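Please load the model in a viewer and keep the selection tool at hand. The tour below moves from one selection to the next.

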Amino acid sequence: MGPTTRLVAAAGLLLSAACSSSRPTPSASSAPDAGMHQVPATGLEGCLLYTDGRQTGAVPRQVPELSGLAASQRHPGIFWGHNDSNNAFELFALDETGAVKATLSLTGADPRDIEDIAVGPCAPGGNESCIFLADTGDNFERRKEVRLFRLPEPASVTNATLAVEALPFTYEDGAHDAESLIVDSRSGQVGILTKTRASLGDLYSVEGLKPGATGKARKLGTLRVPDDVDRLSTAAALHPSGERLLVRTYTRVWELRRPDAKRLEDFVQAQVVEVPGASQAQSEAVTFLQDGRGYLLGSEFAGEPLVRVDCR
C-alpha cells in the first residue's frame with residue numbers, strides 16, 4: 001500500500017473505488033471472535049484445530065511498514081520480513097518476538113511496491129531454497145509489468161549485502177493490484193492472488209519466470225468465501241503439505257483446504273473456513289510456521305503485536 005493510501009486511511013476518509021488498497025473499518029460483527037467455532041481439518045497434515053492467537057512480541061521499529069512474513073526453510077525460528085513501498089530495499093531476519101537477528105541490504109533492482117514474500121525452491125524440482133519478494137502492488141492497476149525478486153536463502157543469519165534477480169511478468173488479462181504471493185515448496189509453482197473488492201481474489205499461476213525474459217500470469221480461477229462476506233486479500237501462505245492455503249484480509253484469516261491438492265489450481269474448488277486471527281492495526285502479513293503446525297500474523301506499524309496461532 002502506498003503512502004497516499006495510508007495518509008487517507010489515517011485521516012479516516014473514504015477512498016474512492018478506484019483504489020482497491022483501502023482498509024475497511026472493522027466492526028464488531030466483522031472482527032474475528034476469540035471464541036469462534038472452528039471446522040476440524042480432518043485428514044490433513046498440520047493442526048486439526050487451532051488455538052486462539054497469543055502475542056509473542058511486537059513489530060520492530062526497523063520494519064514499521066511490515067507487509068510480508070515468510071518462515072525460513074534453513075533457519076528454524078527465523079522469519080523473513082520486509083517493509084512496504086518507499087523504504088530502503090532491505091530484508092530482515094526476525095524471530096517471533098520481533099527481535100531483528102540480521103538485516104540484508106538488497107541490490108540489483110529498484111522496487112516500486114513490494115507487498116509479500118515467500119520461501120521456496122529456487123527452480124522447479126530444485127533443492128536450493130530461495131526467497132521471493134513480490135513487487136506487485138498496483139493500486140490503480142496501471143503497471144505494464146510487475147516483478148518478483150529472487151535470491152538464495154542465506155546459509156547464515158548475519159548482516160549482509162546481497163544481489164537479487166528480477167523476474168518480470170505480465171497478467172494475461174491486463175493489470176491487477178496484488179498483495180499475496182504463493183510458492184509451492186514441492187513443485188516450485190508460483191502463484192499470485194489479486195486484491196479486489198469483488199472476491200477473495202483471482203488466483204494466477206506465474207509461468208516462464210527467468211532473468212531477461214517476461215513471464216506470464218495465467219488465471220486459474222476466483223477464490224470466494226462463504227456468502228462473499230470478505231474480500232481484499234492482503235497476504236497468503238501455503239502449508240508445507242501443499243494442501244492448506246492461508247489467506248489474510250483486513251479483518252479475518254481464511255484457510256482453504258483441499259486434501260491431495262497437487263497444484264495451486266486445486267484450491268479454486270477448496271473448502272474455505274475461517275480460522276483464528278488477530279486484532280492488528282493494518283493486517284498485512286501471514287506465514288505458516290516452518291513445520292506447518294501453526295502460523296504467525298504480522299501488521300504494519302512498529303509496536304503492533306506479532307501473534308502466533310498454534311495447534312490446539
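A residue is called buried here when its relative accessible area is under 20%, and exposed when that area is over 50%. The model is predicted.

**Whole chain**

Start with everything displayed as a cartoon. The protein has one helix and 21 strands. Colour by burial next: of the 312 residues, 56% are buried. A surface display covers about 12,400 Å² of exposed area, 49% of it supplied by carbon and sulfur atoms. Among contacts with a separation of 6 or more, 57% are between residues 24 or more positions apart.

**First stop: two disulfides**

Select the bonded cysteines; the structure holds two disulfides. Numbered in sequence order, these cysteines pair as 1-4, 2-3.

Zoom to cysteine 47 and cysteine 311, whose sulfurs are joined at an S to S distance of 1.9 Å. This disulfide links distant parts of the chain, 264 residues apart. Cysteine 47 lies in the loop between α1 (3-11) and β1 (54-58), while cysteine 311 lies in the segment after β21 (305-310). The angle about the S-S bond is -80 degrees, making the link of cysteine 47 and cysteine 311 left-handed.

Is cysteine 311 buried or exposed? Cysteine 311 has 19% relative accessibility, so it counts as buried, the cut-off being under 20%. Cysteine 47, at 1% relative accessibility, counts as buried too.

Now go to cysteine 122 and cysteine 130, where the S to S distance is 2.0 Å. Here the S-S bond has 95 degrees about it, and the link is right-handed. Both cysteine 122 and cysteine 130 are buried.

**Second stop: the sheet of four strands**

Select β1, β21, β20 and β19. In that order they form an open sheet of four strands with antiparallel pairing. β1 and β19 (283-288) stand at the edges and have a single partner strand each, so one side of each lacks a neighbour in the sheet. Ignoring direction, neighbouring strands of this sheet are turned against each other by 25 degrees on average.

Within this sheet, pick β19 and β20 (residues 294-299), which run antiparallel and are joined by five bridges. Label threonine 287 and its bridge partner in β20, leucine 296.

**Third stop: the sheet of eight strands**

Hide the previous selection and show the eight strands of the other open sheet, ordered β6-β7-β8-β10-β14-β13-β12-β11 with mixed pairing. Why do β6 (116-121) and β11 (178-183) each have one side without a neighbour in the sheet? Both stand at the edges, and each has a single partner strand. From one strand to the next, the twist averages 30 degrees.

Begin at the β6 edge. Six bridges connect β6 with β7 (residues 129-135), and the two run antiparallel. Valine 119 faces isoleucine 131 of β7 across this pairing.

Move to β13 (residues 201-207), where six of seven residues are buried. This strand can be followed on both sides:

- With β12 (residues 190-194), β13 runs antiparallel through four bridges; the two strands form a hairpin with six residues between them. Isoleucine 192 stands opposite tyrosine 204 in β13.
- With β14 (residues 215-223), β13 runs antiparallel through seven bridges. Glutamate 207 stands opposite lysine 216 in β14.

**Last stop: nonpolar cores**

Show side chains for Leu148, Phe169, Tyr171, Leu181 and Ile192. Of the 19 residues in the largest nonpolar core, these five touch the most other members. At least two core residues come from each of β7, β8 (146-152), β10 (165-171), β11, β12 and β13.

Which residues does leucine 148 contact, leaving aside its neighbours within four places in sequence? Select Leu133, Ala134, Glu165, Ala166, Leu167, Phe169, Leu181, Val190, Ile192 and Leu209 to see them.

Finish with Ile182, Leu203, Leu245 and Phe267. These are among the 18 residues of another core, which lies apart from the largest one.

Note on methods. Residues numbered from 1 in each chain as written. Predicted model: local features only at pLDDT ≥ 70, side-chain atom pairs only at ≥ 80, totals over all residues. Heavy atoms only, no water. Buried < 20%, exposed > 50% of the residue type's maximum accessible area, 1.4 Å probe, protein only. Contact = heavy atoms within 4.5 Å. Areas by Shrake-Rupley, 256 points an atom, 1.4 Å probe, with all protein chains shown as cover. Pairing = 2+ DSSP bridges. Axes fitted to C-alpha atoms, helices over the stretch in contact; angles between N-to-C directions. Disulfide = S-S within 2.5 Å. Core = buried A, V, L, I, M, F, W, Y, C linked by side-chain atoms within 4.5 Å.
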